[in-house]
Amino acid sequence: MSKIENIRSILLSAEYGDEKHPEILECFPNGPKRTIGLVEVTLENGVKGYGEGYLGVFAPQVFKSIVELCAPYLIGKDGFNILRRYKDLCSVCDYWSLQGAARHTTSAIEIALVDAKSKTQKCPAYKLFGNSKKEKIEVYGSGGICDTKEHFIEELELLQKLGIKKYKIRAVPSDINKTAWVLKEARKYKIDVGIDMCQNLADPPIDADEVINYIKYVKNITKEKILFLEEAVGPTDIKGFKKLKETLNIDICGGEVITTPLEMIERINLDIYNFVQPDASVIGGMHAVKEVFESAKTKPVVHAWGGPVAIMANYQVAFGCNGNLVEFPMIPYKLEPIMFGDQRVIKDGNLLRPENPGIGITMNDKIEKDFSFDKESVYSCVVVDRGQPKDSFWKE
């Protein structure tokens, strides 16, 4: 046992992508800089643990305020009894945010407690989640937010260099020729392609019939296999996901916005996905992801599009639960090499198991000082039309 002595939030802002990158043009109105929201938990034994909630990318000040609300309810309590502290957080927040922003904060605190406990025990965090002996997990490259052929080729060449054989791109039904071009180009590199249709942010989202027609038109141009379709309809369109799974011979997946394991498990039981994508920085923490792994018919593929702490937390629980595939975000973020150190190593297309105590990230006063919070550095969910090329541009 070691009591919780202090809890505080840390907001960090750092360079992300570049000013001409399509995601920056769409979602970062103030330029190529991104904020992440961390929680620092200090135990009475002096050990500090760090967690991240994905909310910090979108609403950093909200994240900070919820951490400040929750902290007094945990001070002085046993930091090693993580599931009990999780229930404490649910008691504080669930009445007004059972599904939503507070769950990201719960996630951050839970991850920080896991980090602190495993550091105290001098073991990597994955050992708290199972007896898996897996030493590596296959990686898929998560990118494909590209407006030019040169940018796609640049990403494909990076994947080839790393030995990665799976690539996720972003596309919508109007991207028929673009999708076909990428599928054929990726085949030259012996890389399979999955498609994120990005309907989490769409208003209104597309429906299942639009997706089915899009796939039909793409297959009229190329017979290359599509590995999976992610978030192909709106997040609440249960019937739409079901129809896609029953109609298309393509793996259907989703779930990155789901904020409770209960809801994800209910969707698993409804058989609307081929696999689910829980995120420890969203769904309530690493134990919540473990709960999903234990309930899933097919091994989940953790979503990992947050900052370094969120990414490493997801990787650790994937190792602990014997996962088969993890996400590798491809947009450069200046904090990543600094906070990962030598703990995120990709070799021959596989993520090697991290072995440092805790979740495997570096955090110190210098990082906090050098990457202080910039209030202008906020992701906007009101997507701006970046003026991308018409689909006819991609015709061969």
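User: In this predicted model, how much space lies in the second largest pocket, and how do you know which residues line it?

Analyst: The second largest pocket holds about 290 Å³ of space. Its lining has 17 residues, and Lys 166, Leu 227, Phe 228, Asp 251 and Phe 275 are the closest to its centre. A residue counts as lining because it has an atom within 4 Å of a pocket point.

User: Which element gives the largest share of that lining, and what's the mix by class?

Analyst: Strand β7 (residues 226-230) does, with three residues. By class, the lining of the second largest pocket has eight nonpolar, four polar and five charged residues.

User: And what does the largest pocket look like in volume and lining?

Analyst: Its volume is about 1200 Å³, and 48 residues line it, with Cys 198, Asn 200, Leu 201, Tyr 379 and Val 383 nearest the centre. Elements giving two or more residues include α1 (22-27) and α10 (261-269); α1 has the largest share, three residues. By class you get 24 nonpolar, nine polar and 15 charged residues.

User: Switching to the surface, why is Trp 96 called partly exposed?

Analyst: Its relative accessibility is 46%. Buried would need under 20% and exposed over 50%, so Trp 96 falls in between and counts as partly exposed. Trp 96 sits in helix α4 (residues 82-97).

User: What makes Trp 96 eligible for a nonpolar patch, and which residues form that patch?

Analyst: Patch residues need over 30% relative accessible area, so Trp 96 clears that cut-off at 46%. Leu 69, Tyr 73, Tyr 95 and Trp 96 form the patch, with about 550 Å² of accessible area together.

Definitions and conventions. Residues numbered from 1 in each chain as written. Predicted model: local features only at pLDDT ≥ 70, side-chain atom pairs only at ≥ 80, totals over all residues. Heavy atoms only, no water. Patch = residues over 30% accessible without salt bridge, like charges linked within 9 Å, V, L, I, M, F, W, Y side chains within 5 Å. Areas by Shrake-Rupley, 256 points an atom, 1.4 Å probe, with all protein chains shown as cover. Salt bridge = Lys/Arg side-chain N within 4 Å of Asp/Glu carboxyl O. Helix = DSSP H or I, 4+ residues; strand = E, 2+ residues; numbered from the N terminus. Buried < 20%, exposed > 50% of the residue type's maximum accessible area, 1.4 Å probe, protein only. 1 Å grid on protein atoms, 1.4 Å probe; cavity = no way out; pocket = protein on both sides within 12 Å on 5 of 7 lines; lining within 4 Å. Points joined across faces, edges and corners; volume = space filled by probe spheres on them. Nonpolar A, V, L, I, M, F, W, Y, C, P; charged D, E, K, R; others polar.
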